[in-house]
Amino acid sequence: MFELTDEQKEIQRLARDFTKKEIIPVAAEYDKKAEMPWPIIQKAFDIGLWNLNVPEKYGGQGVDCLTEALIYEEIAYGCLGVFGAFGGTGLALTPLLLSGTEEQKEKFLTAFTKSAKLAAFALTEPNAGSDASSVSTRAQKVGDEYTINGVKCFITHGGIADLHTVFASTDRSKGIKGLTAFIIPAGTTGLSMGKKEDKMGDRASHIAEVLLEDVRVPVANRLGNEGEGFKIAMRTLDITRTTIAAAAVGVAQRAVDEAVRYAKQRVQFGKPIAEQQAIQFMLADMVMAVLASRSLVWQAAAKVDAGQVDGVLSATAKCVASDTAMKVTVDALQIFGGYGYMREYPMEKLMRDAKITQIYEGTNQIQRQIIATALLK
Ligand SMILES: Cc1cc2nc3c(=O)[nH]c(=O)nc-3n(C[C@H](O)[C@H](O)[C@H](O)COP(=O)(O)OP(=O)(O)OC[C@H]3O[C@@H](n4cnc5c(N)ncnc54)[C@H](O)[C@@H]3O)c2cc1C
């Protein structure tokens, strides 16, 4: 049984109030316009809800993974697209936190945390999604520099981030063992934004191609050794999948709350639909799934905090929580009947948003593959 610390409860309350005041009132508008929520990001920075996973000595908040999960659940409760700015940045900084040298952390993080900035994690390519061994972006070492060429796609904050963490191959013959990670700061010549995506959900989050044309970075910008990129990416995802799972719980919890409220109000056959056992059982199933998902998220996050990152548990939390978010939002929309299908009500956005949690940071087929491989070992 988890007991949150007073500090965790306090920050959870702060995030909840922030969501209520700053995110919920404007979420539909950002969804409609598909715009980055810059004012929200700035306010989050101002009150200490930004750079959550960056240690205090580099100017971040230095919160533990469970606290991060609590905050992300609250933010995603308000809008999953807005969460994208938080989660996408946290994801992109994790390789540097895990594998950067003291010098690299000091240099890149201290500058990064001075104001509200975005980071981008660039692994996916048009022909390399689930299969990272197909990455064709190439990094060629010439003297004490690398020249990087390639195209990344579906990158959160792609082309607009202040810092891109890019995975490129230094030896294509070695597949995933030839992948290497690099830090590319904004303003580096040759890095630009390609096609910006128009998404079905998660619309307040910016996703675009990143074009890398003869991008030159010093050897000092390489994270770890050549060939360690895949390991760095997987160690990163083993941690950050817990935060995606937390966000999925936020979406699912919002759907439950909206459905409960609506079911109590909507009268058909002379009484609120909440008095129909069919509706009650749907609500009970929804809340059970949300509670079970939250438990998994907290367990996986607690493992990270104990220094025992458990990739299988993170994959389980991500898979269960995102499948729950999808099912719960579909069922909650059903409780709203025809009104649920209308943009005027919050349900259709929640359902559109939920879908991405089953896809990004590794599809749920890939999560199941991770779980089954461990099971059958
Ligand atoms: C909104 C959004 C934000 C994103 N943000 C980022 C980001 O910031 N950085 C980044 O690098 N990437 C990002 N991505 C990319 C995302 O991680 C990939 O889309 C995802 O990993 C799947 O890759 P794919 O789309 O190429 O699908 P594919 O790999 O082509 O998969 C297609 C289908 O085949 C299934 N499949 C593939 N291989 C197997 C297998 N071995 N066994 C069973 N089924 C399999 C998949 O599960 C899926 O259902 C983002 C994507 C989206 C949509």
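User: Which of the 18 residues around the ligand come nearest?

Analyst: F121, T124, S130, T363 and Q365 come nearest among the 18 residues around the ligand, where near means that a heavy atom of the residue lies within 4 Å of the molecule. This is a predicted model, in which local features need pLDDT of at least 70 and side-chain atom pairs count only at pLDDT 80 or more, while totals for chains, interfaces and linings use all residues. Residues are numbered from 1 along each chain as its sequence is written, and side-chain values use heavy atoms, without hydrogens and water.

User: What makes the pair between T363 and an oxygen atom of the ligand a polar contact?

Analyst: A polar contact is a pair of N or O atoms within 3.5 Å, and a side-chain N or O atom of T363 lies 2.6 Å from that oxygen, so the pair qualifies. Nitrogen atoms of the ligand also take part, with a backbone N or O atom of F121 at 2.7 Å and a polar side-chain atom of T124 at 2.7 Å. The protein covers 65% of the 980 Å² of accessible area (Shrake-Rupley, 1.4 Å probe) that the ligand has on its own.

User: Why is the ligand said to lie between domain 2 and domain 3?

Analyst: Domain 2 (119-225) and domain 3 (231-376), with bounds from an automatic or database assignment, both contribute residues to the shell, and therefore the ligand lies between them.

Terms used. Polar contact = N/O pair within 3.5 Å; in protein donor to acceptor, adjacent residues only side chain to side chain.
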